[in-house]
Amino acid sequence: MELTVYLAGQIHDDWREQLKSKAQEKNLPLTFVAPQTNHHRSDNVGEDILGEQPGNVYKDDAASSINNLRTQVLMQKSDVVVALFGEKYKQWNTAMDASAAITMNKPTILVRPESLIHPLKELSNKANVTVETVDQALDVLNYIYE
């Protein structure tokens with residue numbers, strides 16, 4: 001049985017590649033999908049497809065519509081969602097993706113450091129599992145195959 005895992009979270013470091021590498025080392029039959037991780041592409045996709053917009057608000061609106069469509073399609077096709085909250089970056093998109101996954105009744109693993117227990121308490125309560133590290137999230141996925 002192969003599972004598709006949607007990796008929600010910030011796109012500013014290589015946490016996804018680290019998780020994929022560790023999953024491969026464990027020979028886990030997982031396929032990973034994610035939001036657009038090329039920040040420039042994500043910000044500019046609206047204008048790339050629809051043409052120049054009359055201002056930044058319209059540029060962001062065009063890009064967000066296309067990014068939201070992509071996220072919705074990939075998340076709906078996923079079996080599990082892992083949503084990573086870190087300490088360094090604002091986590092608006094992660095919170096939106098985790099909430100969407102929970103609303104879609106997707107099994108959801110929330111990854112958040114101890115420092116974010118209080119601000120994420122309601123979201124954590126709605127997720128299936130909450131862990132503090134990506135390694136723990138991978139252990140949860142591994143447990144499915146035991």
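Start by selecting A63, which sits in helix α3, residues 56-77. The model on screen is a predicted one. Is A63 buried or exposed? A63 is buried, because its relative accessible area is 3%, and the cut-off for buried is under 20%.

Keep A63 selected and add V45. The two residues are 18 places apart in sequence, yet their C-alpha atoms are 5.3 Å apart in space. Now show what else surrounds A63. With neighbours within four places in sequence left aside, A63 is in contact with S42, D43, V45 and G46.

Next, select helix α2, residues 39-50. Which residues of α2 are buried? They are S42, N44, V45 and G46. The buried residues of α2 pack against α3. Three of the names in that list, S42, V45 and G46, have already appeared as contacts of A63.

Stay with α2 and look at its two ends. At the N-terminal end, N38 acts as a cap: one of its side-chain oxygens lies 3.1 Å from the backbone nitrogen of H40. Just after α2 comes G51, with a positive phi of about 95°.

Move on to T94, in helix α4, residues 92-103. T94 is buried, with a relative accessible area of 3%. What does T94 touch, not counting residues up to four places away in sequence? Select A8, G9 and Q10, then A83, L84 and F85: T94 touches each of these.

Now turn to the largest nonpolar core, which has 20 residues. Select V5, L7, L30, V82 and L141, the residues with the most contacts inside this core. To see where the core comes from, colour the elements that give two or more residues to it: β1 (3-9), α1 (15-25), β2 (30-33), β3 (80-84), β4 (108-111) and α6 (134-144). Which element gives the largest share? That is α6, with four residues.

Within this core, centre the view on L30. Leaving out neighbours within four places in sequence, L30 is in contact with E2, L3, V5, A23, L138, L141 and Y145. Two of these contacts, V5 and L141, are also listed with L30 among the residues with the most contacts inside the core.

For the last stop, select F85, L116, L120 and L123. They are among the 14 residues of another core, which lies apart from the largest one. F85 is a residue to revisit, as one of those that T94 touches.

How values were computed. Residues are numbered from 1 along each chain as its sequence is written. This is a predicted model: local features need pLDDT of at least 70, side-chain atom pairs count only at pLDDT 80 or more; totals for chains, interfaces and linings use all residues. Side-chain values use heavy atoms; hydrogens and water are left out. A nonpolar core is a set of buried Ala, Val, Leu, Ile, Met, Phe, Trp, Tyr and Cys residues joined through side-chain atoms within 4.5 Å. Buried means under 20% relative accessible area, exposed over 50%, partly exposed in between (1.4 Å probe, protein chains only). Contact means heavy atoms within 4.5 Å. A polar contact is a pair of N or O atoms within 3.5 Å; within protein, one must be able to donate a hydrogen and the other to accept it, and residues adjacent in sequence count only if both atoms are side-chain atoms.
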